[in-house]
Amino acid sequence: MTKTLALNPAHASPADKAVKPAPTHPQSLLDLPPGEARQSLLTVHSILEARLPAAGLAIYEAGGGSTSFLPLNVLRRAHVTVVDIDEDQIRNNDYAQETILGDIQTYRFAPDSFDLVICYNVIEHVPDVEAALLGFCQSLKRNGMILIGAPNPRSLSGVVTKYSPHWFHVWFYRHVRGDKNAGLPGCAPFPTHFHPLVTLSNLEAFADRHGLQMIYRRQYESPRYPEMRRRKPLFAALVDAVATAMNSFLPGKTDVRHGDYHVILRKR
């Protein structure tokens, strides 16, 4: 399947070009509240823009819905191939040139096919993360990169997500986050598995064993916290109090509100 990159202003009419300036950031970044998550994603963008080839860019997005987390000037010069197991996610995607209905755990591309593999908010939902990661490594060119964005299973939100039923996740998205479509076909939240390799220390060990260098790693406060502080201040104050109490019993500068992380791996 081939699709047109809807984010490219070159496809707009002359009237649209005259009225609307070309966007400089993807909507996924603009939707993030000010805070650590946005800062980290901006850093990720600067690394990708500096290290990726200037032209002829091939990107594999493992699990790609309606939103891209890549900088727009990378998307505009890339051929993006998306693989997703969900037909609704494939249908909603409007920025990839090629979309494939398939399972990232088993789907394989030829070696040395891609400059970048992105797996964003996906590996926590995958039963066999190791199989997926091995496929990413195989398809990556030398010096190519893997970008992973994922929740931290050892954070407060990670523990709650891991040990609570899925209906509670849907309730949280609908009533705390205000997402009326939560739980509908093709819409988050999706069932979460939290394979051991989602834990950051295990992911780093996997990288070392398979010839990958970790060039960026950052844990940050989940954007759910500033969202809650804005939408549900009393509930957020209670959660912050619980987090502060938990932090007082943990070593160093551990913060259980660091519910997400970004990692960039480079193939040696």
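1. A word on terms to start: two strands are taken to pair if DSSP finds at least two bridges between them. Helices (H or I, at least four residues) and strands (E, at least two) are DSSP runs, numbered from the N terminus. With that settled, Ala62 stands opposite Val83 in strand 2. Strand 1 (residues 57-62) and strand 2 (residues 78-84) run parallel and share six bridges.

2. Please keep in mind that this is a predicted model, in which local features need pLDDT of at least 70 and side-chain atom pairs count only at pLDDT 80 or more, while totals for chains, interfaces and linings use all residues. Residues are numbered from 1 along each chain as its sequence is written, and side-chain values use heavy atoms, with hydrogens and water left out.

3. The sheet is a nice place to look next. It is open, with seven strands in the order 3-2-1-4-5-7-6 and mixed pairing. Strand 3 (98-101) and strand 6 stand at the edges with a single partner strand each, so one side of each has no neighbour in the sheet. From one strand to the next the twist averages 15° (axes are lines fitted to C-alpha atoms, for helices over the stretch in contact, and angles run from 0 to 180 degrees between N-to-C directions).

4. Two helices pack on this sheet, with contact meaning heavy atoms within 4.5 Å. Helix 3 (residues 36-51) touches strand 4 (114-120), strand 5 (140-151), strand 6 and strand 7 (260-267), and its direction makes about 160° with that of strand 6. Helix 6 (residues 129-139) touches strand 1, strand 4, strand 5, strand 6 and strand 7; its direction makes about 150° with that of strand 5.

5. On charges, the structure holds nine salt bridges (a side-chain nitrogen of Lys or Arg within 4 Å of a carboxyl oxygen of Asp or Glu). One of them joins the side chains of Arg91 and Asp88 at 2.7 Å, N to O. Both residues lie in helix 5 (residues 87-92), three residues apart, about one turn of the helix.

6. Two backbone details deserve a look. Most residues other than glycine have a negative phi, and most peptide bonds are trans. Yet a cis peptide bond, with omega about 0°, joins Ala188 and Pro189; Pro189 is found in the loop between helix 8 (166-175) and helix 9. Asp112, in the loop between strand 3 and strand 4, has a positive phi near 60°.
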